[in-house]
Amino acid sequence: MIRFLSLASGSSGNCYFFTDGAVAFMIDAGVGPRIAQKRLAPYGLTLNDLDFILITHDHIDHIKALGIISSKFSKPIYTTEKLKGALMNHSCTRGKVGGNIKVINTLEETEICGVKVVPFPVPHDATETVGYYIEFGGKKIVIVTDCASVTPEVIEFSEKADVLIFEANYDEEMLANGPYPQLLKIRIANGGSGHLSNTQSAAALKEIYCGRKGELSHVFLCHLSDNNNTQQIAYETVNKALAEVGAEGVRLECLKRGRPSELYEL
Ligand SMILES: [Zn+2]
Ligand SMILES: [Zn+2]
């Protein structure tokens, strides 16, 4: 059995913790160690348990605590060559991560502490962005976050998932009627934000469900916008789309911004 806890999800910080009791790892490090420890503690978990950290990209909401966690706990960080270069120079990580970084290649399978990991490309406005396909504890887990548009590769990897963490960043109507300046609205609506709308996410999830190769038992919507989305709207938009293709058996959840999720047992 896998235990999964989202420590935070959204533009103020992203950090996802997984363990099967024998191996533990984290995807992204956008939550400081003090808060992370506090959120892990009720479940008897700690950052000391970590065997490694995976990084999706070099935006601050995903790496702001990586330098401090890496230097304090000395955990190996796995990421691509390009992202390694970016992390060596980023103000949050410069001088704090070099010795701990191990390079993995996109579209190549690497085994880390018995966990099979394949990073795959995701279009986004960072130095480089990857999603992860992960085989762990008898499950196939896929994460797609900070994704400007749904590519054939995103679909291909997501279709293999038993457990899918997938971005639903903004509601198109809330964005149109919200407080953002017109130019910024146009940029976001035209895909220039580097994030998926609820509608884009819903359409992709429908396609993924119909082409699924795995069980697809759980879909966790992640990186919801504070200004242009609500958990209810994201949930309803995606749930309606999934119902249209008979996917009522899939457990659909929204991960919370700035707060931990419940502890999911997968
Ligand atoms: Zn982000
Ligand atoms: Zn980003």
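**Strands, helices and a core**

Colleague: What makes you say that strand 9 (residues 130–136) and strand 10 are joined?

Modeller: 5 bridges link the two, and they run antiparallel. Strands pair if DSSP finds at least two bridges between them, so strand 9 and strand 10 qualify. Strands here are DSSP runs (E, at least two residues) and helices are runs of H or I with at least four residues, both numbered from the N terminus. In this pair, Ile134 sits opposite Ile141 of strand 10.

Mind you, this is a predicted model: local features need pLDDT of at least 70, side-chain atom pairs count only at pLDDT 80 or more, and totals for chains, interfaces and linings use all residues. Residues are numbered from 1 along each chain as its sequence is written, while chains are lettered from A and ligands numbered from 1 in the order in which they are written.

Colleague: In which sense do strand 10 and strand 11 pair?

Modeller: Parallel, over 4 bridges. Ile141 faces Val163 in strand 11.

Colleague: Why is strand 10 (residues 139–144) called largely enclosed?

Modeller: 5 of its 6 residues are buried, so the rest of the structure largely encloses strand 10. Buried means 20 or more other C-beta atoms within 10 Å of a residue's own, exposed means 12 or fewer, and partly exposed lies in between, with C-beta atoms placed from the backbone.

Colleague: What kind of unit do strand 10, helix 5 and strand 11 make?

Modeller: A right-handed β-α-β unit. The test: with the strands pointing away from the viewer, the path from the first strand over the helix to the second runs clockwise.

Colleague: How do you know that Leu83, Lys84 and Leu87 share a side of helix 4?

Modeller: These three are buried in helix 4 (residues 81–89). They cover an arc of only 105° around the axis, which puts them on the same side; the arc is that of the directions from the helix axis to the C-beta atoms. On the other side, Glu81 and Asn89 are exposed.

Colleague: How does the span of helix 8 (residues 198–210) fit its length?

Modeller: With 13 residues, helix 8 reaches 18 Å from first C-alpha to last, close to the 18 Å expected at 1.5 Å a residue. The expected span is 1.5 Å times one less than the number of residues.

Colleague: What does Cys15 touch?

Modeller: Among its contacts (C-beta atoms, placed from the backbone, within 7 Å) are Leu7, Met26 and Val31.

Key. Contact = placed C-beta atoms within 7 Å. Lists of a residue's contacts leave out its neighbours within four places in sequence.
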